[in-house]
Structures are given as structure tokens and as C-alpha cells.
Amino acid sequence: MGGDALHEAFRAVARADFLRPRDQSNAGVDAPIAIGEGQTNSQPRTVFAMLELLDVQHGQRVLDVGSGSGWTTAMLAHLVGPTGIVIGTELVPDLVAFGAANIAKYDFPWAAIRQAEPGTLGAPDDGPFDRILVSAEARSLPEPLVEQLAVGGTMVIPVGARMTRVEKDGPEREALTVTTHGLYSFVPLRWE
């Protein structure tokens, strides 16, 4: 899916709808904005770059790890359309409620945010996924997410401050194509 579809997703899913009321006037600022619990709504330029690398297509199954405010989950839902599925996972209970309430402002019944289970990364019972987006920085490539990625699938994840694109070309661990795409700063990925 090209840049036109991404620009349309950004127009269709207003960032202000995913911010706290006191921060909504800053929605147009190209910077991360705090959403509470030490988390942020990511900088739009960063989100655009991640979604461009992810290359989401209509009808795909997508996992959004660290869904936070729900903004990326909603944009992913817009991109996959009603024939797709988007599952967002979030570890912080207050953010699960915040993100779910924000997504409810849109007619995306094929998208949901779930409470992440401590010790479980992603949504292994619902995989495999065609696309996985991770909005938190891992120290190394998380094996549980590689396992949840479908053959032919793509994952975008910050690893050690480098935006990393992982393509799964076959069922073996060696069948991964891993490329890096610049330096970024994210909150740490936690699942335990």
C-alpha cells in the first residue's frame, strides 16, 4: 500500500481523538505527546515511517503491540478495511481502557485493544499475523513475535534504537530478512 493510502489514513483517523482533552490542541505538533502512565502518542512522522515500512494491505491480520492511545490501531484498521483484523495489545490497564474508548469513536468493529497478559508478548492464540507493528523498543528481536509472524509477513519494531523491518520468508528462523531504517527513541518494550 503506497503513501496515498497512508496519507488518507492520517486524514481519516484524527490524532486529536487519541489524546487527552488538555492535549488535543497539540495534535498537529510533530512530536510525541504524553498520554499518561509514562507512555506517549508517537510523533506523526515516526508513525508514518513505521506504517510505510509495514506496508499494510487490505484484508490482512495485523497485531499492534503497545497500542497505547489506540491511534496506530485505528489507522491499521483503516488500512486493512472490514475484511481485515487488527488486534492491539497493551500492558497498562488504564491505557487499555483509554485506547478502547478512543477506537470506539470510529466504526472499526474489526479492530480491538486487549489487555496484554504479563509474561505473554503479543497474541499467540490469534496468530499468525501478516503484519506486526511494535511501538516500544526491544533490546533484541523478540522470538515470541517472530513466531507469531506468518510466512510472507512483515514486522516493524525498534530494536536497540534502530527501526527494524523483519520479513519472514519461510518457517525456519534462518528465513528472516532483517533490515534497519534509522535511529528512533521509544519507551522500552515490557511484557513481564
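These legends walk through five close-ups of one predicted model. Residues count from 1 along each chain as its sequence is written, and side-chain values use heavy atoms, with hydrogens and water left out. Because the model is predicted, local features need pLDDT of at least 70 and side-chain atom pairs count only at pLDDT 80 or more, while totals for chains, interfaces and linings use all residues.

**View 1. The open sheet has 7 strands.** Read across, the order goes β5-β4-β3-β6-β7-β8-β9, and the pairing is mixed. Strands here are DSSP runs of E with at least two residues, helices are runs of H or I with at least four, and both are numbered from the N terminus. Two strands pair if DSSP finds at least two bridges between them. At the edges sit β5 and β9, each pairing on one side only. Neighbouring strands are turned by 15° against each other on average, direction ignored; axes are lines fitted to C-alpha atoms (for helices, over the stretch in contact), and angles run from 0 to 180 degrees between N-to-C directions. Look at β8 and β9 too: they run antiparallel and are joined by 6 bridges. One pair to find is V166 with its bridge partner V178 in β9.

**View 2. Helix α2 packs on the sheet.** It touches β6, β7, β8 and β9, and its direction makes about 160° with that of β7; contact means heavy atoms within 4.5 Å. How many residues of α2 are buried? The count is 9 of its 11, where buried means under 20% relative accessible area, exposed over 50% and partly exposed in between (1.4 Å probe, protein chains only). Among the buried ones are F48, M50 and L54. Their cover includes α1 and α3 as well as strands such as β6 and β9. Another helix, α3, lies across β3, β4, β5 and β6, running at about 170° to β4.

**View 3. A hairpin joins β1 and β2.** These strands, residues 33-36 and 39-41, run antiparallel with 3 bridges between them. G36 has Q39 as its bridge partner in β2. Now for the loop, which has 2 residues between the strands. One to spot there is E37, whose phi is near 60°, a positive value in a residue other than glycine. E37 counts as partly exposed because its relative accessibility is 45%.

**View 4. Two more backbone spots are worth a look, at D55 and P128.** Most residues other than glycine have a negative phi, and most peptide bonds are trans. Just after α2, D55 takes a positive phi of about 55°. D55 sits in the loop between α2 and β3, and with a relative accessible area of 25% it is partly exposed. The peptide bond from G127 to P128 is cis, with omega near 0°. Look for P128 in the loop between β5 and β6.

**View 5. The largest pocket holds about 520 Å³ of space.** On a 1 Å grid over the protein atoms alone, a pocket is an open set of points where a 1.4 Å probe fits, with protein on both sides within 12 Å along at least five of seven lines, and lining residues have an atom within 4 Å of a point. Which residues lie nearest its centre? They are Q39, G66, S135, A136 and V187, out of 34 that line the pocket. β2 gives the most to the lining, with 3 residues.

How values were computed
Grid points are joined across faces, edges and corners, and a volume is the space filled by probe spheres set on the points.
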